[in-house]
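Colleague: Please take a close look at a single part of this model and tell me how it sits in its chain. After that, go on to how the chains meet.

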There are 2 protein chains.
Amino acid sequence: MTRAELIAQIKAKKSFLCIGLDTDLDRIPKHLLDADDPIFEFNKQIIDATKDLCVAYKPNLAFYESLGIKGWQSLQKTLDYIPKDVFTIADAKRGDIGNTSSMYAKAFFENMDFDSVTVAPYMGKDSVQPFFVYDNKWVILLALTSNEGGRDFQLMESNGKALYQQVLETSAQWGTTSNMMYVVGATRADWLEKIRKTIPDHFLLVPGVGAQGGNLEEVAKYGMNKDCGLLVNSSRGIIYASKGVDFAGVAREKAKELQQQMEKELLKIKVI
Amino acid sequence: MTRAELIAQIKAKKSFLCIGLDTDLDRIPKHLLDADDPIFEFNKQIIDATKDLCVAYKPNLAFYESLGIKGWQSLQKTLDYIPKDVFTIADAKRGDIGNTSSMYAKAFFENMDFDSVTVAPYMGKDSVQPFFVYDNKWVILLALTSNEGGRDFQLMESNGKALYQQVLETSAQWGTTSNMMYVVGATRADWLEKIRKTIPDHFLLVPGVGAQGGNLEEVAKYGMNKDCGLLVNSSRGIIYASKGVDFAGVAREKAKELQQQMEKELLKIKVI
């Protein structure tokens, strides 16, 4: 998907919501466990109930990998089921030496047809570049993560600059604002202002609104740019809002609440 | 596998060789392409030819993932075929927030029965800890990688200490020398001396001997400890040494050469 198409989706749906498909057999409603493929059945109903409210779906690869080959089958079916006008993110946190990253790119962009993949920056430029070979595909690079361990190394300062800032500055030279985004944890929304000085134009994928405690209004205030420039993710807060037979309807309500808040934020800065 | 069992293997085989199974349809001998599962057939013949010479096999997950479900089937068959007394490494470079790393741990240690998995440190402690839940399973954490991009962030200094050194010092507190190893790129063998001051007892997985240009004697000189403490990996230099029908025999010769050099190094420091 191109940047222009993504922005058009955001304007049309009045939403910059990304829904995380962290689908776990232990957490989905019990009545689905009799289905042939409970993981896909759950995702299908979530997608049906929310596809007009969100602009992206983000399957968390670990949840599928943990089920082995059956999990990969569920993932492929899910990806095939997502409408083509919704941006897809393989949340995989991959990254390796060049010839190996090329293989990961092939896995997610050729064998599967994801629009983007999350990548870890630790191994540097040649671990990221192979993903740029594909037109209209995106790298979403980890910068500042919202988990407690995010502080262990990402805040390490060198010449007054934290590692995550150095990651932003350096890596912004590797790709463009049309093939690269960054993961920025929402629990540190006040830092978004600083981040926007370094990368004013890139899209940011902001996880952690909801279960991880981020605040949407603050994220929008400090993180938005003239094209919106944000994808805000919610996973558990939407997909596990109900464990009953009504789970998809409740997921829709939760997604709708977020979409309506997002609409207000988009109006404030006149994106719509 | 326990640390004692690994050390016993090293002594019995007079080897600390790890063979990387970076198995690529574009690089395996043409005559294998007619097999039902060419990837597994290649690996099977490599394993048959080298299992008495190496103490570990390291399938590179990207190569299997790039083939989708068929690739995962080849990987599972390969893992099942590796003798139980050979240490297995899922070279996956995973790492995510806690509940997600738990799923990766489940993927590699429960659904599959690997002895270890490579993990990226960027997301910190809670991204690594879930892998320690399993007895006799290992995390192999990226510290210093041998690729050019390894210099982009890993050498960033804070208070006179490079990021990779900080990763070693901090993470050494998370696990033990019996459930944690480190990836240290062989092209920087002279730095091993410094690394050994920080982590004298941990095992190091050293990639890059061969295709990536590392020197075995130097690695042994600066990297060995009283238990050997090294797994030295070679992938392309062994498995792609010949593209002919004799590929497995030639792979054995290359592995034998390395094993013999390793035997000398083990004798020097009286591990055997």
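Modeller: In this predicted model, the buried residues of α2(A) pack against β1 (17–21), β2 (56–59), α4, α11 (236–239) and α12 (247–268) of chain A. Which residues of α2(A) are buried? They are I39(A), F40(A), E41(A), F42(A), N43(A), I46(A), I47(A), A49(A) and T50(A). Here a residue is buried if 20 or more other C-beta atoms lie within 10 Å of its own. Helix α2 of chain A covers residues 38–50. Its 13 residues, at 1.5 Å a residue, should span 18 Å, and the end C-alpha atoms are 18 Å apart, so the two values agree.

One of the partners of α2(A), α4, also leads to the second topic. On the side of chain A that touches chain B, 47 residues of chain A meet 47 residues of chain B. The elements of chain A that give two or more residues to that side include α4 (69–81), β3 (87–94) and α8 (163–171). The largest share, 7 residues, comes from α5(A). By type, the residues of this side of chain A divide into 18 nonpolar, 18 polar and 11 charged.

How are the two copies arranged? A turn of 180 degrees with a shift of 0.0 Å along the axis lays chain A on chain B, with an RMSD of 0.0 Å. The copies are therefore related as by a two-fold rotation axis. In chain A, the C-alpha nearest the axis belongs to S158(A), 2.4 Å from it. Both copies use the same surface, as 100% of the contact residues of chain A recur in chain B.

Methods:
Residues numbered from 1 in each chain as written. Chains lettered and ligands numbered in written order. Predicted model: local features only at pLDDT ≥ 70, side-chain atom pairs only at ≥ 80, totals over all residues. Contact = placed C-beta atoms within 7 Å. Helix = DSSP H or I, 4+ residues; strand = E, 2+ residues; numbered from the N terminus. Nonpolar A, V, L, I, M, F, W, Y, C, P; charged D, E, K, R; others polar. Least-squares fit on C-alpha atoms with pLDDT ≥ 70 in both. Expected span 1.5 Å × (residues − 1). Buried ≥ 20, exposed ≤ 12 C-beta atoms within 10 Å, placed from the backbone.
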